[in-house]
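Colleague: Please take a close look at the aromatic rings of this model and their surroundings, and explain step by step what can be read there, in a way that a first-year student can follow.

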Amino acid sequence: AELSLSTGTHLVFGDSCELQVRGTLDLRGDADCDRIVFNGSRGIPGSWWGISLYESAEHAIDHAVVTHAINNVVLFDEGGTITNSTFSGASQFGLMIRNGGGEGSQSVENCDISGNGYSNLSIYPGVGDVSGGGMKAIFPEIRSCRISAARTGDGILLADRAWALIENCEITDNAGCGVRAHYTAGELTAGRLIRLERNRIRGNGSANVKLTASAVLARSNTFAHAPYGILATTSSALYGATGYWGSGRNTFDSCDVALRLEDTHIVHFGLRSDMFRRTKGGGNVFRNSLRAHVESERSSGFLQCNRFEPDAPRYFDIPGYPEKPEVLIEPVAPCMGDGVHEPFTKSSAVDFAIWPNPAADHIFLRIDRPERCRSCVVSDILGRPLRTVDFTSSPAGSVHRILLAGLPAGVLVV
């Protein structure tokens, strides 16, 4: 059996109603005004059960809107495509992927999966035969999606041998983690791991990425404005940057802690030293961390030829650092000319650093000798004071965030 709906169709479901598909579901809407819409009669989260596609089903969903269900769409089938669609307002999950017939068999591209209750996108395997376990491994491809504002959970939740390619996505402002991987295990040489490539993951409540007994290859991502850029725990494996397995420099910016490792023993996150001469300035970039670039407990591995801005010892909370650290750190000095701002530093009786430059809404100022600098004044180019920050009670090496909101645009002097 096949269900095909024409553009502009709107379907409204009553309480406890569910659309179950065991044949073929073909939804092909058009532009925004001609989308195919599924909604609940009450128009609030949890108004209906949602759409479930079972093992024998096939699907092609394009320019559709599914909203206000308990779980908007649950995929148990072997594969299909979802493009240009919106999944929002569910009381639990916006989109659940439970099965898949191999790498890329489930494809989600250019979708908005936002504002759902537990997590926006959850990826769990179904029951089946997998060598070494009872679960059926899955590897969907998630590309160019906006995944944001999960009300209580994560942007993307992967669990129990669920791997995925997550590429070129905006994963922002979720209450939990941007991406949470829970006991997915993984093996780099077999390609069985989570791949994060060219994503912008920022502003998530608990961490931008959290790994628990999981493996991730990260390339060309930005992790910004969160308590943790990446939090890796419980024998997780972390790989990434230029010169290991393809190119791709990750950038960590303005996180409380850029990278935290807990009981994590496979860390190859940086640049092979033999590749350094052929690159511009090193591997991953860690900058503007408020508390630490790297924190480590009971972990081991290598973070080689990365760039840390600033690179003072206080930004590395690692047992044994710097003489015999449990995680090998080999930073390199910042380089100009590759799109990464070098902090302005001055060696003097004060010793300070200011970054980023140029700045938009804030700057960071580190004072290494506060006994010789009691305050900082931000002035316009004519010398008129605009904002003053007091350092009287600050310990050495403290980093201060100075907001620029409300100040006139143009050249400012500190």
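Modeller: A charge is said to sit over a ring if NZ of Lys or CZ of Arg is within 6 Å of the ring centre and within 35 degrees of the ring normal. The model is a predicted one, and with that definition in hand we can begin with Arg22, which lies over the face of Tyr54 at 4.1 Å from the ring centre. A second case is Arg314, whose charged end sits over the ring of Tyr315, 4.7 Å from the centre of that ring.

From charges over rings we can turn to rings beside rings, of which a search of the whole structure finds 8 aromatic pairs. One of them joins Phe252 and Phe286, with 4.6 Å from centre to centre and 5° between the planes. This pair counts as stacked, since planes under 30 degrees apart are given that name. The two partners come from distant parts of the chain, for Phe252 belongs to strand S30 and Phe286 to strand S33 (residues 285–287), with their positions 34 residues apart in the sequence.

Are these two rings buried or exposed? Phe252 has a relative accessible area of 0%, and it is therefore counted as buried, because the word is used for values under 20%. Phe286 is likewise buried, with a relative accessible area of 0%. The pair is also part of a wider arrangement, in which ring pairs link Phe223, Phe252, Phe286, Phe308 and Phe316 into a cluster.

The chain around residue 310 deserves a pause, and a general expectation helps here: most residues other than glycine have a negative phi, and most peptide bonds are trans. Against that background, the bond that joins Glu309 and Pro310 is a cis peptide bond, with omega at about -5°. Pro310 itself has its place in the loop between strand S35 (301–309) and strand S36 (316–317).

The other half of that expectation, the sign of phi, brings us to His225, which has a positive phi of about 55° although it is not a glycine. His225 lies in the loop between S27 and strand S28 (228–233), and it counts as partly exposed, with a relative accessible area of 40%. A further residue of this kind is Asp263, where phi is near 55°, again a positive value in a residue other than glycine. Asp263 is placed in the loop between strand S31 (257–262) and strand S32 (266–269), and at 28% relative accessibility it, too, is partly exposed.

His225 leads on to an opening in the model, and the idea behind such a search is simple: rolling a probe the size of a water molecule over the atoms shows where empty space is left. The second largest pocket has a volume of about 200 Å³. Its lining is made of 14 residues, and those that lie nearest its centre are His225, Asp253, Ser254, Pro356 and His362. Two elements give two or more residues to this lining, namely strand S27 (222–224) and strand S30 (251–253). Strand S30 is thus shared by two parts of our picture, as it is also the strand that holds Phe252 of the stacked pair. Sorted by class, the lining has 5 nonpolar, 6 polar and 3 charged residues.

A last check concerns the cysteines, for which a search of the whole structure finds 0 disulfides. Cys145, for example, is in no disulfide, and the nearest cysteine sulfur, that of Cys169, is 4.8 Å away, whereas a disulfide would need the sulfur atoms to be within 2.5 Å. How accessible are the individual cysteines? Cys145 counts as buried at 3% relative accessibility, Cys17 is partly exposed with a relative accessible area of 33%, and Cys33 counts as exposed at 67%. Cys33 lies in the loop between strand S4 (24–28) and strand S5 (36–40).

To gather the threads, the ring cluster links Phe223, Phe252, Phe286, Phe308 and Phe316, while strand S30 is one of the elements giving two or more residues to the lining of the second largest pocket.

How values were computed:
Residues numbered from 1 in each chain as written. Predicted model: local features only at pLDDT ≥ 70, side-chain atom pairs only at ≥ 80, totals over all residues. Heavy atoms only, no water. 1 Å grid on protein atoms, 1.4 Å probe; cavity = no way out; pocket = protein on both sides within 12 Å on 5 of 7 lines; lining within 4 Å. Points joined across faces, edges and corners; volume = space filled by probe spheres on them. Helix = DSSP H or I, 4+ residues; strand = E, 2+ residues; numbered from the N terminus. Nonpolar A, V, L, I, M, F, W, Y, C, P; charged D, E, K, R; others polar. Phe/Tyr/Trp six-rings, centres within 6.5 Å; stacked < 30°, edge-to-face > 60°. Buried < 20%, exposed > 50% of the residue type's maximum accessible area, 1.4 Å probe, protein only.
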